[in-house]
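Got the viewer open and a selection box ready? Let's take a walk through this one, stop by stop.

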Amino acid sequence: MSEPVIAVQGLKRSFTQGEVTIHVLRGVDMTIAPGEIVALLGPSGAGKSTLLQAIGLLEGGFEGSIRIGGREAARLSADERTELRRDTLGFVYQFHHLLPDFDARENVVLPQLISGASREEADARADELLSRLGLGDRLDHRPSKLSGGEQQRVAVARALANKPPLVLADEPTGNLDEATADRVFAAFLDLVRAEGSAALVATHNERLAAKMDRVVRLKDGHLS
């Protein structure tokens, strides 16, 4: 049996506000297998984003174990965590966070160049991904010239540009109308599955969650 892409054990996170301690994560255990797409359901404020930030190695202050690709994150230096995040993880957020002065192709090319790809390789990969997402005729358009759904598709292509084993998506269609959200999410699922990546997708949308391989629910700091 292959090793999980991500294995989390006993993950805890608390925040202090004045004299009050708020326990957001109270001992989360979770594994995701290679190629598995998992929905993370929970109401606003349940800690979905906090859990994704922990798994994405974007924030400290956590207790417990996070193993990504068999490597224990707590034992890594800051530089090693940055390298692991760059080589193993892709991120899609509710807001696309595209670079406004770069066109669609360049937004997908840039993370590849940072990872050491040649410009020729990066251009070819960007064109392939964007074309598969229905943006083959929008490659040289800057974000301001793209619709909300198109911008989010570019963000999806960017997340998958380096062929990450795991994609973390935080309400990836939460800023779109229902019809556009359905189209973008279908394109996201198709591309993630075609690329063979695993994904953890935070959402409050039960209908979208049902399209994924498995659903986990975050409530009172625990997963079920």
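One cut-off before we set off: a residue is called exposed when its relative accessible area is over 50%, buried when it is under 20%, and partly exposed in between. Try that on glutamate 178, which counts as exposed because its relative accessibility is 56%. Keep in mind along the way that this is a predicted model.

**Stop 1: the whole stretch**

Select residues 6-224. UniProt, in an unreviewed entry, gives this range the feature "domain: ABC transporter". Colour it by secondary structure and you're looking at 36% helix and 28% strand, with the end C-alpha atoms 17 Å apart.

**Stop 2: the four-stranded sheet**

Now pick out β1, β2, β4 and β5. They make an open sheet, ordered β2-β1-β4-β5, and the pairing is antiparallel. Which strands stand at the edges? Those are β2 (20-32) and β5 (71-72); each has a single partner strand, so one side of each has no neighbour in the sheet.

Zoom in on β1 (residues 6-17) and β4 (residues 63-68), an antiparallel pair joined over five bridges. For one spot to click on, try isoleucine 6, whose bridge partner in β4 is isoleucine 68. Next add helix α1 (residues 48-55), which packs on this sheet and touches β1, β2 and β4. Its direction makes about 120° with that of β1.

**Stop 3: the six-stranded sheet**

Hide that and show β3 along with β6 through β10. Here the open sheet has six strands, in the order β6-β7-β8-β3-β9-β10, and the pairing is mixed. At the edges sit β6 (89-92) and β10 (222-223), each pairing on one side only.

Strands of a sheet can pair in either the parallel or the antiparallel sense, through backbone hydrogen bonds. You can see both here. β6 and β7 run parallel, over four bridges, with leucine 89 opposite leucine 166 in β7. At the other edge, β9 (residues 214-219) pairs with β10 in the antiparallel sense over two bridges, and leucine 218 stands opposite leucine 223 in β10.

Helix α6 packs on this sheet too, touching β3, β6, β7 and β8. The direction of α6 makes about 160° with that of β8. Bring α1 back as well: this helix also lies across β3, β6, β7, β8 and β9, running at about 150° to β7.

While you're here, show the side chains of β6. Side chains in a regular strand alternate between the two faces of the sheet. Leu89 and Phe91 point one way and Gly90 and Val92 the other, and all of them are buried.

**Stop 4: the nonpolar cores**

Nonpolar side chains tend to be buried together in soluble globular proteins. The largest nonpolar core here has 36 residues, and Val108, Leu130, Val154 and Phe188 touch the most other members. Several elements supply at least two residues each, including α3 (104-114), α4 (119-132), α5 (148-160) and β8 (198-203).

Centre the view on valine 154. Beyond its close sequence neighbours, valine 154 is in contact with Leu98, Ala104, Asn107, Val108, Leu130, Leu135 and Leu146. A second, separate core has 31 residues, among them Val5, Val24, Ile32 and Leu52.

**Stop 5: glutamine 112**

Go to helix α3 and select glutamine 112. Is this residue buried or exposed? Buried, because its relative accessibility is 4%. Its contacts further along the chain include Ala117, Glu121, Arg125 and Asn162.

**Stop 6: salt bridges**

There are 13 salt bridges to find. Start with arginine 125 and glutamate 195, whose closest N and O atoms are 2.6 Å apart. Arginine 125 is in helix α4 and glutamate 195 in helix α6, so the pair ties together parts 70 residues apart in sequence. Arginine 125 is buried at 8%, whereas glutamate 195 is partly exposed at 22%. Add Glu128 and Arg132 to the selection and you have a network of salt bridges with Arg125 and Glu195.

Then return to glutamate 178, where the tour began. The side chain of glutamate 178 meets that of arginine 207 in a salt bridge (3.7 Å, N to O). This pair links helix α6 to helix α7, 29 residues apart. Arginine 207 is partly exposed, at 37%.

Last click: arginine 86 and aspartate 87, whose side chains form a salt bridge at 3.0 Å, N to O. Aspartate 87 is partly exposed at 36%, and arginine 86 is partly exposed at 35%.

Notes:
Residues numbered from 1 in each chain as written. Predicted model: local features only at pLDDT ≥ 70, side-chain atom pairs only at ≥ 80, totals over all residues. Heavy atoms only, no water. Pairing = 2+ DSSP bridges. Contact = heavy atoms within 4.5 Å. Axes fitted to C-alpha atoms, helices over the stretch in contact; angles between N-to-C directions. Core = buried A, V, L, I, M, F, W, Y, C linked by side-chain atoms within 4.5 Å. Buried < 20%, exposed > 50% of the residue type's maximum accessible area, 1.4 Å probe, protein only. UniProt positions renumbered as here; feature names shortened; annotations may be inferred. Salt bridge = Lys/Arg side-chain N within 4 Å of Asp/Glu carboxyl O. Lists of a residue's contacts leave out its neighbours within four places in sequence.
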